[in-house]
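This report goes through the fold, the core and the side-chain links of one protein chain. The sequence and structure come first.

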Amino acid sequence: MIRTSLMIAALAGATSAVPAMAAAPACPGKTFDIFLAAFAANADIQRAHVADPLSSGQIDAQAQPEPRMVTSSLPRAALGFPIMPLGAERRREGLEMRTAPKGGGKFEVVLAKPDTGYQLRYQFQPVGACWQLSAMTDETM
């Protein structure tokens, strides 16, 4: 009986020492447009709403017989933030942003510089009552 009580006490102490799961970050918007405005304006919001790992693609212009897309999975720790250029940089670089729904609560955001080959594509998917950047591709040629 005493042994069982000691074991229960030890187990209770061990479980209280287990760190609590981190709460999901608050969603910065109830609609995707509001979420995207906050995501595109703040590196901390970007950091909180990026998949780990993030699917990343880039065109290999040296591939033969023709350029091809190369994809990889990058852990969040290896990403540089902001992952999407913030407002001042987008304006300075003349980048235009277009958003398109992809069904199932998913959205695609394209940043492009008109009359150039510069194009970045961001894929967002719903996670709970919010969204998360799940993939990005650099299609710049």
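Is Lys-102 buried, partly exposed or exposed? With a relative accessibility of 47%, Lys-102 counts as partly exposed. The model is a predicted one.

## Overall make-up

The protein chain contains four helices and six strands. Read from the N terminus, the order of these elements is α-α-α-β-β-α-β-β-β-β.

The protein chain has 141 residues, and 29% of them count as buried. About 9000 Å² of the protein chain is exposed, with carbon and sulfur atoms supplying 58% of that area. Taking contacts between residues at least 6 apart in sequence, 43% join residues at least 24 apart.

## Nonpolar core

The largest nonpolar core has 22 residues. Within this core, Ile-83, Met-84, Tyr-122 and Phe-124 touch the most other members. At least two residues of the core come from each of H2, strand E1 (50-60), E4, E5 and E6.

Tyr-122 can be followed further through its contacts, leaving aside neighbours within four places in sequence. Its partners include Ile-83 and Met-84, both of which are also among the core residues that touch the most other members. Also in contact with Tyr-122 are Pro-85, Phe-107, Glu-108, Val-109 and Leu-111, together with Leu-133, Ala-135 and Met-136.

## Salt bridges

A search of the whole structure gives four salt bridges. One of them pairs Asp-44 with Arg-47, where the closest N and O atoms lie 2.9 Å apart. Asp-44 and Arg-47 are three residues apart in helix H3 (residues 43-48), so about one helical turn separates them. Asp-44 is exposed, with a relative accessible area of 55%, whereas Arg-47 is partly exposed at 35%.

Glu-108 takes part in two of the pairs described here. Its side chain meets that of Lys-102 in a salt bridge with an N to O distance of 3.9 Å; the cut-off for a salt bridge is 4 Å. Glu-108 also forms a salt bridge with Arg-121, and there the closest N and O atoms are 2.8 Å apart. The Arg-121 and Glu-108 pair links distant parts of the chain: Arg-121 is in strand E5 (residues 119-127) and Glu-108 is in strand E4 (residues 106-112), 13 residues apart. Through shared partners, salt bridges join Lys-102, Glu-108, Arg-121 and Glu-139 into one network.

Why does Glu-108 count as buried? Its relative accessible area is 11%, and buried means under 20%. Lys-102, at 47%, is partly exposed. Glu-108 is also one of the residues in contact with Tyr-122.

## Disulfide

How many disulfides does a search of the whole structure find? The search finds one. This disulfide joins Cys-27 to Cys-130, with an S to S distance of 2.1 Å. Cys-27 lies in the loop between helix H1 (2-17) and helix H2 (32-39), while Cys-130 belongs to strand E6 (residues 130-138). The two cysteines are 103 residues apart, and the pair links distant parts of the chain.

The torsion about the S-S bond of Cys-27 and Cys-130 is about 75°, and therefore the disulfide is right-handed. As for accessibility, Cys-27 has a relative accessible area of 29% and is partly exposed. Cys-130 is buried, at 8% relative accessibility.

Notes:
Residues numbered from 1 in each chain as written. Predicted model: local features only at pLDDT ≥ 70, side-chain atom pairs only at ≥ 80, totals over all residues. Heavy atoms only, no water. Disulfide = S-S within 2.5 Å. Buried < 20%, exposed > 50% of the residue type's maximum accessible area, 1.4 Å probe, protein only. Contact = heavy atoms within 4.5 Å. Areas by Shrake-Rupley, 256 points an atom, 1.4 Å probe, with all protein chains shown as cover. Core = buried A, V, L, I, M, F, W, Y, C linked by side-chain atoms within 4.5 Å.
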